[in-house]
Amino acid sequence: DHALPSRQYSGFVSAEAGAPTPGHERRLHYVLVLAENSPADAPVVLWTNGGPGCSSLEGYMNEMGPLRPDPDDPDGEKLTRNPYTWNLHANMLYLEHGVGVGFSYSNGGDVQLDDEADARDVHNFLRNFFFPPAGEQGFPELAANEFFMTGESYAGVYIPHIANAIRLGNLDSSSEQINIQEIEERRVGKE
């Protein structure tokens, strides 16, 4: 019944280096929620839930997204404003990874599901997200913004692997640098 507090996008971006291999594409699903305040200048924050294998849409819908299911609606048909949303001052990128988690998919070919392969796929996703190849969708207008990564639970394993893949990729690329600033992870449950 109300306008969304900011623009939101959902889609798929290739998790491959270079052009996707026809018939063997690996694509990761994302939801991007732009910051409510100054999205053009706001940092991009990647959120990943743990698992392994947990959809980051859980964080989007139940933790820090702009809206959440209305607890006063017994039919579960209404959303309400989340007072704890993180997208007031950050562009939030919720990513479903590895391939096969949530809506992310591969339509053939070699699918590896270990931490290093996942880090490679996420790094390729981020390169294609910030620097889309011709004919592909992405968000090059956010490429210069500061980039942070955070998550919970098994993200404490994912994020350092992904950060290292980005670091190595930035060393190999003279012009297209992912503007990574910092990583952080939250632990849930007993240590």
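**Exercise 1. Which strand does Phe-12 lie in? Work out its surroundings too.**

Step 1. Look at residues 8–14: that's strand S1, and Phe-12 lies in it. (Strands are DSSP runs of E with at least two residues, helices are runs of H or I with at least four, and both are numbered from the N terminus.)

Step 2. A quick note on ground rules: this is a predicted model, where local features need pLDDT of at least 70, side-chain atom pairs count only at pLDDT 80 or more, and totals for chains, interfaces and linings use all residues. Residues are numbered from 1 along each chain as its sequence is written, and side-chain values use heavy atoms, with hydrogens and water left out.

Step 3. Phe-12 counts as partly exposed because its relative accessibility is 36%. (Buried means under 20% relative accessible area, exposed over 50%, and partly exposed in between, using a 1.4 Å probe and protein chains only.)

**Exercise 2. Find what Asn-82 touches.**

Step 1. Go to the loop between strand S5 (79–81) and S6, where Asn-82 is found.

Step 2. Check its cover: with a relative accessible area of 1%, Asn-82 is buried.

Step 3. List the contacts (heavy atoms within 4.5 Å). Leaving out residues up to four places away in sequence, Asn-82 touches Glu-63, Met-64, Gly-65, Pro-66, Leu-67 and Arg-68.

Step 4. Pick Leu-67: it sits 15 residues from Asn-82 along the chain, yet their C-alpha atoms are separated by 4.9 Å.

**Exercise 3. Trace the salt bridges of Asp-121 and Arg-27.**

Step 1. Know the rule: a salt bridge puts a side-chain nitrogen of Lys or Arg within 4 Å of a carboxyl oxygen of Asp or Glu. The structure holds four of them.

Step 2. Start with Asp-121 and Arg-26, whose side chains meet at 3.0 Å, N to O. Asp-121 is in helix H2 and Arg-26 in strand S2, 95 residues apart, so to speak of distant parts of the chain being linked is fair.

Step 3. Add Arg-120, which meets Asp-121 at 3.9 Å, N to O. Together, Arg-26, Arg-120 and Asp-121 make a network of salt bridges.

Step 4. Compare cover. Asp-121 counts as buried because its relative accessibility is 2%, whereas Arg-120, with a relative accessible area of 36%, is partly exposed.

Step 5. Finish with Arg-27, which bridges to Glu-136 with the closest N and O atoms 3.1 Å apart. Arg-27 is in strand S2, while Glu-136 is in the loop between H2 and S8, 109 residues apart.
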